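Here are a few exercises to work through with the structure open beside you. Try each task before reading its solution.

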Amino acid sequence: MSSEPQFTWCDLSTFRPEVTQPFYGTVLDWTFDGPADGYGPDSVFARSGRDAVAAIYPMPQKFRDINMPSFWMSYVTVSELGEALEHVAATGGRVELADEHFALIRDPLGAGFTLFRDPGTGPAARYCAHGQRAGHGYFCSDFSAVRDFYRTLFGWEFEGSALDTAVIRTKDGASVASALQLPEQVRGKEQYWAIRFAVDDLVGAADRARDAGGALVTMTDLPEGPAALIRDPDGAACFLTEATAG
């Protein structure tokens, strides 16, 4: 590929945006305006200050047709979508949906993400302030089952001295995400890419999530530090991590 693939965007596909939008406004102090470019008339951009952090949009019929739940989606920018899709098919992944601009992908373990051709929606996550997208994490049962997939597709490598923890890096050594190899009783049934959002007060934000109709699944420690795994009122999950000076 002609450029380094990176996570550059995220969005929330939700059944009840009229409920989930104010939920995230309460938890992350987001404001909203729309419609979001490319998402349709009922979508919004979620903003932290002036920065667009994510898009929120009603669950489209094409996702309902494949029984998708409400979910947060991580986007990886690629310069050549067709070339990327050839690599997916050759390395044990599958394409759930695709058009000329994007493709919803499952890796060999079933973890989903979206490939997007030059979206121009934002840089790789490097913000640390409250309300910003802080990064992405991969949670799976077996690194060895996906190493070749991500190496072939993106040139990414799993690096780490600990057996069950790794840093995923680009060919030029830049950090893409953390990765944790976890048993099902800890990870849950699915294998997935998750998004982290930064908050000034982790405990306070977790409390706000519960008070606003969501759920605190667990307080935990990620490679990046203490975190809270929450679910919004429609069931979509994300992590909250403590904001740091940047």
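**Exercise 1: two helices**

The crossing of H3 and H4 is right-handed (the near helix is turned clockwise from the far one by less than a right angle). This is a predicted model, where local features need pLDDT of at least 70, side-chain atom pairs count only at pLDDT 80 or more, and totals for chains, interfaces and linings use all residues. Residues are numbered from 1 along each chain as its sequence is written, and side-chain values use heavy atoms, with hydrogens and water left out.

Task: work out how H3 and H4 run relative to each other.

Step 1. Find H3 at residues 81-90 and H4 at residues 147-154; helices here are DSSP runs (H or I, at least four residues; strands are E, at least two).

Step 2. Their packing angle is about 160 degrees, with the axes 9 Å apart. Axes are lines fitted to C-alpha atoms, over the stretch in contact for helices, and angles run from 0 to 180 degrees between N-to-C directions.

Step 3. H3 and H4 are therefore roughly antiparallel (over 145 degrees).

Step 4. Ala84, His87 and Val88 of H3 meet Phe149, Thr152 and Leu153 of H4, contact meaning heavy atoms within 4.5 Å.

**Exercise 2: the sheet**

Task: find which strands lie at the edges.

Step 1. Trace the open, mixed sheet of 8 strands: E10-E11-E12-E9-E13-E16-E15-E14. Strands pair if DSSP finds at least two bridges between them.

Step 2. E10 (157-159) and E14 (215-222) each pair on one side only, as the edge strands.

Step 3. Look inside the sheet too: E9 and E13 run antiparallel, joined by 6 bridges, and Phe139 has Tyr192 as its bridge partner in E13.

Notes. Angles under 35 degrees count as roughly parallel, over 145 as roughly antiparallel, 65 to 115 as roughly perpendicular and the rest as oblique.
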